[in-house]
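Here are a few short exercises to work through with the model open in your viewer. Try each task on your own before reading the solution below it.

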Amino acid sequence: MILRRLFIFTFSFLVLISCSSDLPEITTVTGGIPLKKMGKTLVHEHLLVDFIGADSTGYHRWNKDEVIEKVLPYLIEIKKLNYKTLVDCTPAYLGRDVELLKTLSEKSGVQIITNTGYYSAYNGKFLPQHAFTETAQEIAARWIDEAKNGIEGTSVYPGFIKISVERAPLQDINRKIVEAACITHLETGLTIMSHTGPAEPAFEQLEILQQYGIDPSAFIWTHASDERDINQLLKAAKMGAFISWDKFKPEDAERYVEFFLFMKKHAVLHTLLFSHDAGWYKPGEPDGGDFRGFTDIENYLIPALENAGVAQYDIFQVFFKNPVEAFRIKKRLINEEE
Ligand SMILES: [Zn+2]
C-alpha cells in the first residue's frame with residue numbers, strides 16, 4: 001500500500017512534467033484546463049439519461065435540485081477515491097443538461113466533461129427532426145457553434161463529440177452523423193466518441209474518417225467490449241483508434257484483466273480505455289430510479305489487475321495517461337506529426 005502510494009506520487013510528478021503545457025487543452029464544464037490537471041479519469045459514465053425520445057425530452061422532465069441531491073453523493077464518493085475527472089457521455093436529446101453538470105462539478109470538485117453531437121442509433125429515436133433534413137455540413141455547423149460559442153447560450157463548452165450508430169451496416173442517417181462528426185473534428189479538434197459495439201460499424205466509421213483525412217486516433221470505439229473477436233480490436237488499436245471497454249461490472253473482472261494483458265502483450269496499451277457506463281438519474285422514475293455508482297473499477301478491477309501482476313505504471317497508463325491523450329483538443333490528421 002505504501003509502495004503504491006509512493007508510486008502514485010512519483011508517477012503523478014512525472015505526468016506533471018511530461019504535460020508541461022499550461023494551455024487549456026481539455027475542456028470541462030467549468031472551463032478549459034491544462035492536460036496535467038485531468039488526473040485519474042472515468043471516461044464513460046452518465047449522470048442523467050432520458051430515454052423518452054427526442055420529440056418529448058426537455059428540461060421540464062427533471063427537477064435540477066432533485067437530481068443534484070440524488071447524484072452528488074456518487075461524485076463525492078469517487079472524489080474521495082482520487083478521481084479528478086468524469087466524462088459524461090449523455091448527448092443532446094438524451095438528457096444532456098450542461099448547467100446541471102456544471103453545478104454538480106462545482107459542488108463535488110470533480111471535473112466533468114460534456115459533449116456535442118447526436119445519437120443516431122435506435123432508428124433515430126433520439127435525433128431532432130432537423131437531423132433528418134439537414135446535410136452533414138449543416139448539422140456540423142450546429143456542433144461547431146456549440147464548440148465555439150457555448151452550448152445553448154451558456155458558458156459551457158463541449159469537450160468531445162458524442163455520436164452513435166446502428167450496429168451494422170451503417171444506414172444513411174448514421175453515415176451523415178459520422179460525417180458531421182468528421183467535419184466538426186476538422187474545425188475544432190474535438191475527439192469523436194462513437195457508441196458502436198461490434199467491429200463492422202467501427203471499421204465503416206474509421207473508413208469515413210480516412211476519407212476526411214482524419215487519423216484513427218481521433219476516434220474512440222465505444223462499447224468495444226461487445227466485439228468478441230479480440231483480433232478485430234487489436235487491428236483497430238494498431239491503427240491508433242482508442243478501444244473503449246466501458247461497461248465494467250464486478251463479474252467481468254477476469255475478462256477485463258485478460259484483455260488488458262493482451263493489449264499490453266501487443267504493445268497497444270496506450271489505446272485502451274476502461275469505464276463503467278454507470279449512473280444514472282432516470283427522469284420519469286420515482287426518485288430517478290436505481291443509480292449505479294462509479295466505484296466497481298476501484299473495488300474490483302484494480303485489485304484484479306494487481307493480483308495478475310500488472311505494474312502500477314501500466315494501470316496508470318489506462319486511467320491517467322490514456323484519457324489525456326483521448327480527450328485532448330487536437331486535430332489529428334493522417335500523416336501529420338504534431
Ligand atoms: Zn453510455
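## Exercise 1: the zinc site

Along the chain, the donors of the zinc ion follow the spacing H-x1-H-x230-D. Keep in mind that this is a predicted model.

**Task.** Find which protein atoms are the donors of the zinc ion, and decide whether histidine 44 and histidine 46 are buried or exposed.

**Solution.**
- Step 1: start with the two histidines of the pattern, where the donors are NE2 of His44 and NE2 of His46.
- Step 2: go on to the aspartate, Asp277, which contributes OD. The protein donors lie 2.0 to 2.3 Å from the zinc ion.
- Step 3: check accessibility, using under 20% relative accessible area as the cut-off for buried. Histidine 44 and histidine 46 are both buried.

## Exercise 2: an open sheet

**Task.** Work out in what order the three strands of the open sheet are arranged, and why one side of S3 and of S5 is left without a neighbour.

**Solution.**
- Step 1: look at the pairs. S3 and S4 run parallel and are joined by three bridges, with leucine 42 opposite leucine 86 of S4.
- Step 2: S4, residues 85-88, also pairs with S5 in the parallel sense, again over three bridges. Here valine 87 faces isoleucine 113 of S5.
- Step 3: put the pairs together, and the order is S3-S4-S5, with parallel pairing.
- Step 4: S3 (41-45) and S5 (111-113) each have a single partner strand, so each stands at an edge with one side lacking a neighbour in the sheet. On average, neighbouring strands here are turned by 20° against each other, direction ignored.
- Step 5: consider the surroundings of S3. Five of its five residues are buried, so S3 is largely enclosed by the rest of the structure.

## Exercise 3: two faces of a strand

**Task.** Say which residues of S10 point one way and which the other, and find the bridge partner of isoleucine 220.

**Solution.**
- Step 1: recall that side chains in a regular strand alternate between the two faces of the sheet.
- Step 2: apply this to S10, residues 242-245: Phe242 and Ser244 point one way, Ile243 and Trp245 the other, and all are buried.
- Step 3: S10 pairs with S9 (residues 219-222) in the parallel sense over two bridges. Isoleucine 220 has phenylalanine 242 as its partner in S10.

## Exercise 4: the largest pocket

**Task.** Describe what lines the largest pocket.

**Solution.**
- Step 1: take the volume, about 360 Å³.
- Step 2: 24 residues line this pocket, and Phe51, Tyr119, Tyr122, His195 and His223 are the closest to its centre.
- Step 3: sort the lining by class, which gives eleven nonpolar, seven polar and six charged residues.

Definitions and conventions: Residues are numbered from 1 along each chain as its sequence is written. This is a predicted model: local features need pLDDT of at least 70, side-chain atom pairs count only at pLDDT 80 or more; totals for chains, interfaces and linings use all residues. Side-chain values use heavy atoms; hydrogens and water are left out. On a 1 Å grid over the protein atoms alone, a cavity is a set of points where a 1.4 Å probe fits but cannot get out, and a pocket is an open set with protein on both sides within 12 Å along at least five of seven lines; lining residues have an atom within 4 Å of a point. Grid points are joined across faces, edges and corners, and a volume is the space filled by probe spheres set on the points. Ala, Val, Leu, Ile, Met, Phe, Trp, Tyr, Cys and Pro count as nonpolar, Asp, Glu, Lys and Arg as charged, and the others, Gly among them, as polar. Two strands pair if DSSP finds at least two bridges between them. Helices (H or I, at least four residues) and strands (E, at least two) are DSSP runs, numbered from the N terminus. Axes are lines fitted to C-alpha atoms, for helices over the stretch in contact, and angles run from 0 to 180 degrees between N-to-C directions. Donors are N, O and S atoms within 2.8 Å of the metal (3.2 Å for Na, K and Ca); water is not among the atoms, so sites may look incomplete. Buried means under 20% relative accessible area, exposed over 50%, partly exposed in between (1.4 Å probe, protein chains only).
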